[in-house]
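Q: Please take a close look at a single part of this structure, the place where a charged side chain meets aromatic rings. Then work outward from there to whatever it connects to.

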Amino acid sequence: QVQLVESGGGLVQPGGSLRLSCAAAGGGSRIRNMGWYRQAPGKQRELVATITKGGDTNYADSVKGRFTISRDNAKNTVYLQMNTLKPEDTAVYYCNAEEFRLAGPRDYWGKGTLVTVSS
């Protein structure tokens, strides 16, 4: 069983920065892709950024050039550095991790951390 613990959300003014962290406990070397998703009020959950174990990254067009995803494989921790934040970035941010299993990969989700961008 894998547990994801997120931290780093909060209130920030437009143009500001925040850094989110998510530690995966219990998966060890079976953790493969990790990523961040977000869900704004009244909207569906959407991809923000993902990163493979080898460091390949993928970003939503809306955050390219402003957000940077990174990870520490030894700690099974993924980070999201968010710069030049905009009010439309306001959402609950969820961490995701994929565990390799012989029967097929399994996805795990964190409980979410709220990011509010407002003056």
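A: The charged end of Arg 45 sits over the ring of Trp 109, 4.7 Å from the ring centre. Arg 45 also lies over the face of Tyr 94, and here the distance to the ring centre is 3.8 Å. The model is a predicted one, and every distance and angle in this answer is computed from it.

Trp 109 has a relative accessibility of 38% and therefore counts as partly exposed. Besides the charge of Arg 45 over its ring, Trp 109 has an aromatic partner, Tyr 37. The two rings are edge-to-face, with 5.0 Å from centre to centre and 70° between the planes. Because Tyr 37 belongs to strand β4 and Trp 109 to strand β10 (residues 106-109), this pair ties together parts of the chain that are 72 residues apart in sequence. A search of the whole structure finds one aromatic pair.

Tyr 94, the other ring under Arg 45, leads to the loop between β10 and β11, where Lys 111 is placed. With neighbours within four places in sequence left aside, Lys 111 is in contact with Tyr 94 and Glu 6. Lys 111 has a relative accessibility of 79% and so counts as exposed. Its C-alpha is 11 Å from that of Arg 38, although the two residues are 73 apart in sequence.

Arg 38 is the next stop. At 5% relative accessibility, Arg 38 counts as buried. Its side chain meets that of Glu 46 in a salt bridge of 2.8 Å, N to O. Glu 46, at 37% relative accessible area, is partly exposed. A salt bridge of 3.0 Å, N to O, also joins the side chains of Arg 38 and Asp 89. Asp 89 sits in the loop between β8 and β9 while Arg 38 sits in strand β4, so this salt bridge ties together parts 51 residues apart in sequence. Asp 89 and Arg 38 are both buried. Through shared partners, salt bridges join Arg 38, Glu 46, Arg 66 and Asp 89 into one network.

The structure holds six salt bridges. Among them is a pairing of the side chains of Asp 61 and Lys 64, at 3.1 Å, N to O. Asp 61 is exposed, with a relative accessible area of 64%.

The strands named so far also lead to the interior. The largest nonpolar core has 30 residues, and Trp 36, Leu 80, Met 82 and Tyr 93 touch the most other members. At least two residues of this core come from each of β3 (18-25), β4 (31-39), β5 (46-51), β7 (67-72), β8 (77-82), β9 (91-99) and β11 (113-117). In soluble globular proteins, nonpolar side chains tend to be buried together.

Two of those strands carry the cysteines of a disulfide: Cys 22 is in strand β3 and Cys 95 in strand β9, 73 residues apart. The sulfur atoms of Cys 22 and Cys 95 are 2.0 Å from each other. The torsion about this S-S bond is about -80°, which means the disulfide is left-handed. Cys 22 is buried at a relative accessible area of 0%, and Cys 95 counts as buried at 0% relative accessibility. One disulfide is found in a search of the whole structure.

The loops on either side of β8 deserve a last look for their backbone. Most residues other than glycine have a negative phi. Asn 76, in the loop between β7 and β8, has a positive phi, near 50°. At 6% relative accessibility, Asn 76 counts as buried. Thr 84 lies in the loop between β8 and β9, and its phi is also positive, near 45°. Thr 84 is partly exposed, with a relative accessible area of 45%. The loop between β8 and β9 is also where Asp 89, the buried partner of Arg 38, lies.

Technical notes: Residues are numbered from 1 along each chain as its sequence is written. This is a predicted model: local features need pLDDT of at least 70, side-chain atom pairs count only at pLDDT 80 or more; totals for chains, interfaces and linings use all residues. Side-chain values use heavy atoms; hydrogens and water are left out. A nonpolar core is a set of buried Ala, Val, Leu, Ile, Met, Phe, Trp, Tyr and Cys residues joined through side-chain atoms within 4.5 Å. Buried means under 20% relative accessible area, exposed over 50%, partly exposed in between (1.4 Å probe, protein chains only). Helices (H or I, at least four residues) and strands (E, at least two) are DSSP runs, numbered from the N terminus. Rings of Phe, Tyr and Trp (its six-membered ring) pair if their centres lie within 6.5 Å; planes under 30 degrees apart count as stacked, over 60 as edge-to-face and the rest as tilted. A charge sits over a ring if NZ of Lys or CZ of Arg is within 6 Å of the ring centre and within 35 degrees of the ring normal. A salt bridge is a side-chain nitrogen of Lys or Arg within 4 Å of a carboxyl oxygen of Asp or Glu. A disulfide is a pair of cysteine sulfur atoms within 2.5 Å. Contact means heavy atoms within 4.5 Å.
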